[in-house]
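Dear colleague,

I am passing on the structure we spoke about, so that you have it to hand before you read my notes. Please look it over first, and then go through the points that follow.

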Amino acid sequence: MHPEFWHERWSHDLIGFHRDAPLPLLLKHWPALDLAPDTRVFVPLCGKSLDMVWLAEHGHRVLGVELSEMAVRQFFEERDLLPAIRETAAGRHFVAGAYELIVGDAFALDADVLADCAAVYDRAALIALPPELRRTYAATAWHRLPAASRGLLVTLEYPQAEKAGPPFSVAAAEVHALLDRDWRVDAVERRDILADEPGFVADGVTALSTAVYRVVRRG
Ligand SMILES: C[S@@+](CC[C@H](N)C(=O)[O-])C[C@H]1O[C@@H](n2cnc3c(N)ncnc32)[C@H](O)[C@@H]1O
């Protein structure tokens, strides 16, 4: 996906991926990770997700990365937060309260930027990317997280031939192929959500599930 694709989405408010409430699967599965409250959580391809707000409300610090400055500015504006802004090689950092959101490329973050993170939350990030970029994403952003980091990965599964992504279908076999070298990956839930997604039904999709994986970075 070319960056321009996402900038167009944000500038025309075509952000059907954005939810007005935190993801119920986050609320259900995050506590079992048993992370210390002040753990810093990496949220790649973060958009202006309210999942970050839920994480902050539960004591976490959040490090997001997002291509769209419009998304990042909206996130802070919608919380009435006035972020401090600074530039580094990673991009433009917006910092306020528990949040540090970098306007930049998730693939280009180096290990130093991620060194203080001990958790990761990926919802609509891996599945936002076509196959070749998924490999790059796993080999860069995920690969650079510190040893023993823990987190959740949320995916979608549907017959890819029935609809063009994004979001893309990413089956369990691919999740393992991408992450097993660096991460222990355990599926914790798979749920049929076709009835909840009329847009997919309208596009002719005949089966749709979401899957949640608990991940632990190998030492
Ligand atoms: C499908 S949206 C999901 C946003 C968020 N995770 C959520 O749940 O609402 C994917 C986001 O990734 C951003 N994005 C795409 N490629 C990126 C990259 N290489 N680095 C950082 N952000 C990227 C897009 O601008 C878009 O906001």
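How do the residues of the shell around the ligand divide into nonpolar, polar and charged? Before I answer, please keep in mind that this is a predicted model. The shell holds 9 nonpolar residues, together with 3 polar and 3 charged ones.

The ligand site

In total 15 residues surround the ligand, and the closest of them are Trp10, Leu45, Glu66, Ala106 and Arg123. Two backbone contacts involve nitrogen of the ligand: a polar backbone atom of leucine 45 is 2.8 Å from a ligand nitrogen atom, and a polar backbone atom of leucine 67 is 3.0 Å from a ligand nitrogen atom. On the side-chain part, arginine 123 places a polar atom 2.7 Å from an oxygen atom of the ligand. Of the 600 Å² of accessible area that the ligand has on its own, the protein covers 95%.

Leucine 45 deserves a second look, since its phi is near 50°, a positive value in a residue other than glycine. Most residues other than glycine have a negative phi. Leucine 45 belongs to the loop between E1 and helix H3 (51–57).

The sheet

The strands form an open sheet of 9, in the order E3-E4-E5-E2-E1-E6-E7-E9-E8, and the pairing is mixed. Strand E3 (84–88) and strand E8 (183–192) are at the edges with a single partner strand each, so one side of each has no neighbour in the sheet. From one strand to the next, the twist averages 20°.

Two of the pairings may be useful as reference points. Strand E1 (residues 40–44) and strand E2 (residues 61–66) run parallel and are joined by 5 bridges, and proline 44 has valine 65 as its bridge partner in E2. E3 and strand E4 (residues 91–96), by contrast, run antiparallel, and 5 bridges join them; here threonine 88 has glycine 91 as its bridge partner in E4. The connection from E3 to E4 is a hairpin through 2 residues.

Helices on the sheet

Helix H6 (residues 131–142) lies across E1, strand E6 (117–123), strand E7 (150–157), E8 and strand E9 (209–217), and runs at about 155° to E6. Helix H7 (residues 172–179) also packs on the sheet, where H7 touches E7, E8 and E9, and the direction of H7 makes about 160° with that of E8.

Cis peptide bonds

Which peptide bond has omega near -5°? That bond runs from glycine 165 to proline 166, and it is cis. A cis peptide bond also joins proline 166 and proline 167, with omega about 0°. Proline 166 lies in the loop between E7 and H7, and proline 167 has its place in the loop between E7 and H7 as well. Most peptide bonds are trans, and I would therefore ask you to keep these two cis bonds in view as you read the model.

With best regards

Technical notes. Residues are numbered from 1 along each chain as its sequence is written. This is a predicted model: local features need pLDDT of at least 70, side-chain atom pairs count only at pLDDT 80 or more; totals for chains, interfaces and linings use all residues. Side-chain values use heavy atoms; hydrogens and water are left out. A residue is near a molecule or strand if one of its heavy atoms lies within 4 Å of it. A polar contact is a pair of N or O atoms within 3.5 Å; within protein, one must be able to donate a hydrogen and the other to accept it, and residues adjacent in sequence count only if both atoms are side-chain atoms. Accessible areas come from the Shrake-Rupley method with a 1.4 Å probe; for residues, only the protein chains shown count as cover. Ala, Val, Leu, Ile, Met, Phe, Trp, Tyr, Cys and Pro count as nonpolar, Asp, Glu, Lys and Arg as charged, and the others, Gly among them, as polar. Two strands pair if DSSP finds at least two bridges between them. Helices (H or I, at least four residues) and strands (E, at least two) are DSSP runs, numbered from the N terminus. Axes are lines fitted to C-alpha atoms, for helices over the stretch in contact, and angles run from 0 to 180 degrees between N-to-C directions. Contact means heavy atoms within 4.5 Å.
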